[in-house]
Amino acid sequence: MQPSADSLQIGNYIGALLQWRELQTSYDAFFSVVDLHALTVAQNPAELREKTRRTAAQYIAAGIEPSQSTLYVQSHVRAHAELAWILSTITGFGEAGRMTQFKDKSARYGADATSVGLFTYPVLMAADILLYQTDVVPVGDDQKQHVELTRDLAERFNSRFGETFTVPVPVIQKETARIYDLQNPTAKMSKSAESDAGVLWMLDDPAKSAKKIMRAVTDNEGTVRFDREAKPGVSNLLTIYAALTGRQIPAIEDEYAGRGYGDFKKGLAEIVVEEFAPVRDRALELLDDPAELDRILAENAARADAVADRTLSDVYDRVGLLRRV
């Protein structure tokens, strides 16, 4: 994730962090706070540093264990930028231009407001993946195209220069990944939402989170049942409830049959507060000791460096760069 906000939101937690937490038990997992990617939009330097720490702290507080996985800041491993340059030399202009996110943003903001960094963003993402000889990449549907480009670049490099990269496979995350705005339940919940009222932030005060849930948009029917088209607000709340409890939606519908939205929202608010309170406390504890957080990140970056440097050294040899003696 990019360090683009002071706090992650519940969509990040359910759609990514909960699944990442499971993956780290069965894989040698690498997790990164991608601060280089964040530079594709204008940043306040002091704020970027603070948001980078805050994002890393929330990774850890949500269960990404830095002694079990490798959790590092992208810019702490210089091989990311170096491999991205090598990969850019075998990436076609046309294939980079066909990336959906670039096309959407350049169409929205115009060519003069669109940076070369945004254009080459998927190439840096490919470097992020290929440096670690990655087998699987957990992504949402919106990122699958970028992983396909990564696969193409790995195969192209291997064909030209000899077997160097593992060709990764995208693993599309579970359907629970899509959480919608509480005030506009047809729009995906986002860190860049226009209104704070529709976003459940992981670092929000528990009472504030509960109040947002109680004020969430529903409908006039008064029945707790899942219907994404006819009842987007209630369906969104049911999705959050199911994701945080591990229960099936029909069982939740049965529990609240005939009880109305007030009881349902109150129950969900209690679950959200119970889930996020310890996460918030742990994140704030880490942020109160930035020196210790920086030490953890530096230790993990050294582990990432060791793996990334081996890959980059092989790449440099294969493309014919002269070693410094």
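Which residues do ring pairs link into a cluster? In this predicted model, the cluster is made of Trp20, Phe31 and Tyr59, joined through their rings. Try finding these three residues in the structure before reading on.

Rings pair up elsewhere too, and a search of the whole structure finds eleven aromatic pairs. One of them brings together tyrosine 72 and tyrosine 132, with 5.8 Å from centre to centre and 50° between the planes, so the pair counts as tilted. Tyrosine 72 sits in strand β2, while tyrosine 132 belongs to the loop between α8 and β3, so their pairing ties together parts that are 60 residues apart in sequence. Are these two tyrosines buried or exposed? Both tyrosine 72 and tyrosine 132 are buried.

Now let us turn to helices. Two packed helices are described by the angle between their axes and the distance between the axes. Helix α1 (residues 10-23) and helix α13 (residues 260-287) have axes that come within 13 Å and cross at roughly 75°. This crossing makes α1 roughly perpendicular to α13. On the α1 side, the contact is made by Ile10, Tyr13 and Leu18, and on the α13 side by Val272, Glu275, Phe276 and Val279. Sorted by character, the residues of this contact are six nonpolar, no polar and one charged.

Charged side chains bring us to another kind of link. Side chains of opposite charge can pair when their charged atoms come close. In this model the count comes to 17 salt bridges. One joins glutamate 50 and arginine 54, at 3.5 Å from N to O. Both lie in helix α3 (residues 45-61), four residues apart, which is about one turn of the helix. Glutamate 50 has 34% relative accessibility and counts as partly exposed, whereas arginine 54, at 18%, is buried.

A second salt bridge joins aspartate 294 and arginine 53, at 2.8 Å from N to O. Here the partners come from distant parts of the chain: aspartate 294 is in helix α14 (residues 290-319) and arginine 53 is in helix α3, 241 residues apart. Aspartate 294 is partly exposed at 30% relative accessibility, and arginine 53 is partly exposed at 27%.

Another example is aspartate 196 with lysine 208, whose closest N and O atoms are 3.6 Å apart. Aspartate 196 lies in the loop between β4 and α10, and lysine 208 lies in helix α10, so this pair ties together parts that are twelve residues apart in sequence. Finally, look for Asp219, Glu221, Arg225, Asp227 and Lys231, which are linked in a network of salt bridges.

Note on methods: Residues are numbered from 1 along each chain as its sequence is written. This is a predicted model: local features need pLDDT of at least 70, side-chain atom pairs count only at pLDDT 80 or more; totals for chains, interfaces and linings use all residues. Side-chain values use heavy atoms; hydrogens and water are left out. Axes are lines fitted to C-alpha atoms, for helices over the stretch in contact, and angles run from 0 to 180 degrees between N-to-C directions. Helices (H or I, at least four residues) and strands (E, at least two) are DSSP runs, numbered from the N terminus. Angles under 35 degrees count as roughly parallel, over 145 as roughly antiparallel, 65 to 115 as roughly perpendicular and the rest as oblique. Contact means heavy atoms within 4.5 Å. Ala, Val, Leu, Ile, Met, Phe, Trp, Tyr, Cys and Pro count as nonpolar, Asp, Glu, Lys and Arg as charged, and the others, Gly among them, as polar. Rings of Phe, Tyr and Trp (its six-membered ring) pair if their centres lie within 6.5 Å; planes under 30 degrees apart count as stacked, over 60 as edge-to-face and the rest as tilted. Buried means under 20% relative accessible area, exposed over 50%, partly exposed in between (1.4 Å probe, protein chains only). A salt bridge is a side-chain nitrogen of Lys or Arg within 4 Å of a carboxyl oxygen of Asp or Glu.
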